[in-house]
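Reader: Hello! Could you take me through one part of this model closely, and then show me how the rest of the chain is arranged around it? I would enjoy one connected account rather than a list.

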Amino acid sequence: MLIARSIALFVVAALFEIGGAWLVWQGVREHRGWVWIGAGAIALGLYGFVATLQPNADFGRVLAAYGGVFVAGSLAWGMVADGYRPDRWDVIGALICLAGMAVIMYIPRGR
């Protein structure tokens, strides 16, 4: 159950961080204005809050593992929001990142 909760929190965090960055990108690079930029800034702040809800209390471990989710999530966001089509190397790289995330977060450790 803790792993399912952790994965769900990673997904929510990714939606806020990647979505927030995308909103800022749209506001600045696509000239959509300050409302988009402001919404992006709020979403990025919410990402930071969601990350604190992880069951694991080790900041470095959680953020390092989240990096793998960010990589895969960014490619997925690009596919959905911008029509980006990853090549096989993008997909392989994202899978490697997700495998790294799983090793960092969920391999049992003896303490």
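Author: Gladly, and a definition comes first: a nonpolar patch is built from residues with over 30% relative accessible area and no salt bridge, with nonpolar side chains joined within 5 Å. Please keep in mind that this is a predicted model.

With that in hand, let us start at the surface. I3, I7, V11 and L15 together form a nonpolar patch of about 340 Å². One of these, L15, sits in helix α1, which covers residues 2–29. It helps to recall that an α-helix has 3.6 residues a turn, so residues three or four places apart point the same way.

An unreviewed UniProt entry adds some context: it lists residues 7–25, 31–50, 62–79 and 91–108 under "transmembrane region". In the model, residues 7–25 are 100% helix and 0% strand, with 26 Å between the end C-alpha atoms. The span 62–79 also comes out as 100% helix and 0% strand, and its end C-alpha atoms are 26 Å apart.

That second span leads us to helix α3, residues 59–82. Its 24 residues should cover 34 Å at 1.5 Å a residue, and the 32 Å between its end C-alpha atoms agrees with this. Which residues of α3 are buried? They are V62, A65, Y66, G68, V69, A72, L75 and G78. The buried residues of α3 pack against α1, α2 (34–51) and α4 (88–106). After α3 comes G83, with a positive phi near 75°.

G67 also belongs to helix α3. Is G67 buried or partly exposed? Its relative accessible area is 29%, and because buried means under 20% and exposed means over 50%, G67 counts as partly exposed. The C-alpha atom of G67 is 9.5 Å from that of A14, although 53 residues separate the two along the chain.

Now for the wider picture. The chain has 4 helices and 0 strands, and from the N terminus its elements read α-α-α-α. Along the principal axes, the C-alpha atoms fill a box of roughly 50 × 35 × 20 Å. Of contacts between residues at least 6 apart in sequence, 66% join residues at least 24 apart. Buried residues make up 28% of the 111 in the chain. The chain exposes about 7,100 Å², and carbon and sulfur atoms supply 73% of that area.

Terms used:
Residues numbered from 1 in each chain as written. Predicted model: local features only at pLDDT ≥ 70, side-chain atom pairs only at ≥ 80, totals over all residues. Heavy atoms only, no water. Patch = residues over 30% accessible without salt bridge, like charges linked within 9 Å, V, L, I, M, F, W, Y side chains within 5 Å. Areas by Shrake-Rupley, 256 points an atom, 1.4 Å probe, with all protein chains shown as cover. Salt bridge = Lys/Arg side-chain N within 4 Å of Asp/Glu carboxyl O. Helix = DSSP H or I, 4+ residues; strand = E, 2+ residues; numbered from the N terminus. UniProt positions renumbered as here; feature names shortened; annotations may be inferred. Expected span 1.5 Å × (residues − 1). Buried < 20%, exposed > 50% of the residue type's maximum accessible area, 1.4 Å probe, protein only. Contact = heavy atoms within 4.5 Å.
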